[in-house]
Amino acid sequence: LTVCPPEKDPKWRFFWRIGPRPEETEFRDLNADPVIPPEIPQWSRVMDNWGELMLDTLVALSEMAAVGFDLPPKAFTEMMDNGPHLLAPTGSDFSRHGNEGTVLAGYHYDLNFLTIHGKSRYPGLNIWTRSGERVGVKVPDGCLFVQAGKQIEYMTGGHVLAGFHEVVVTDATVAVITKKRAAKESLWRVSSTLFGHAKSDSILEPIGRFKTPEALKAFPPKLVGEQVRDELKQINLDQTGTH
């Protein structure tokens, strides 16, 4: 449903850094100090506790993926050490943006390594399979949902593809809005997302058995920070002005 070029998303999002920062980095803008809302004294504790649980889950999953791909168990997680991981609580106000067809997050893939989500209060996330089929995501209670980003696509030479997705107000979303409005419950769609990243100053390239001449031609080595900046420039979010 996303128009091209996409419009601005009608959602609110706060980025909060999870995990330690590198002592030295060429990419200070991608590893900046956090902003702490002074009105919420428990902010840092709550965000760090939840964010570290989400990141621990990504680390465990990354080690399992490495073993499954016949790579050393730490092949991915070594790249994640001191990465600019971001916990990003996200909210959309359905009292203002609850009409069917409203695009909350335009059609896109994630530029990072892996993205992990908690279950949202409302449905609306659609993903596209490798065959091009659109599928509505349904996360069971007590479960988390993980998507592949561009950095793991790079490391696997395209064996794993960054997943395209879109968040829209569907008929199922409207049904939940109607039910919650009648019960006088919150009309905010809240989702909890953590973007797991490779560290900015590492070399991004196909690794292990994925490092073939064909893969290196399609995915030439570059610094992770350069890859992130290139992606941000494409969507007009890079404000550094230079590399």
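What follows is a short look at the overall build of this protein, one of its helices and one of its sheets.

The structure is a predicted model, and it holds 6 helices and 12 strands. With 243 residues, a compact globule would come out with a radius of gyration near 18 Å; this protein has 19 Å, so the two agree. Laid along the principal axes, the C-alpha atoms fill a box of roughly 60 × 45 × 40 Å. Buried residues account for 45% of the 243. Of the contacts with a separation of 6 or more, 77% link residues 24 or more positions apart in the sequence. As for the outside, the accessible surface is about 13400 Å², and 57% of that belongs to carbon and sulfur atoms.

Helix α1 covers residues 43-68. From first C-alpha to last, α1 reaches 37 Å, close to the 38 Å expected for its 26 residues. Its buried residues are W43, M47, G51, M54, L55, L58, S62 and A66. Many of those numbers step along by three or four, and here's some background: an α-helix has 3.6 residues a turn, so residues three or four places apart point the same way. The buried residues of α1 pack against several elements, including β3 (85-93), β10 (188-196) and helix α2 (77-80). Just after α1 comes D70, with a positive phi near 60°.

Turning to the sheet, 4 strands line up as β4-β9-β6-β7, with antiparallel pairing, and the sheet is open. Its edges are β4 (103-108) and β7 (134-136), each pairing on one side only. From one strand to the next, the twist averages 25°. Inside the sheet, 3 bridges join β6 (residues 125-128) to β9 (residues 165-168); one of the partnerships puts N126 opposite E166 in β9.

Methods:
Residues are numbered from 1 along each chain as its sequence is written. This is a predicted model: local features need pLDDT of at least 70, side-chain atom pairs count only at pLDDT 80 or more; totals for chains, interfaces and linings use all residues. Side-chain values use heavy atoms; hydrogens and water are left out. Helices (H or I, at least four residues) and strands (E, at least two) are DSSP runs, numbered from the N terminus. The expected span of a helix is 1.5 Å times one less than its number of residues. Buried means under 20% relative accessible area, exposed over 50%, partly exposed in between (1.4 Å probe, protein chains only). Contact means heavy atoms within 4.5 Å. Two strands pair if DSSP finds at least two bridges between them. Axes are lines fitted to C-alpha atoms, for helices over the stretch in contact, and angles run from 0 to 180 degrees between N-to-C directions. The radius of gyration is taken over C-alpha atoms; the globule rule is 2.2 Å times the number of residues to the power 0.38. Accessible areas come from the Shrake-Rupley method with a 1.4 Å probe; for residues, only the protein chains shown count as cover.
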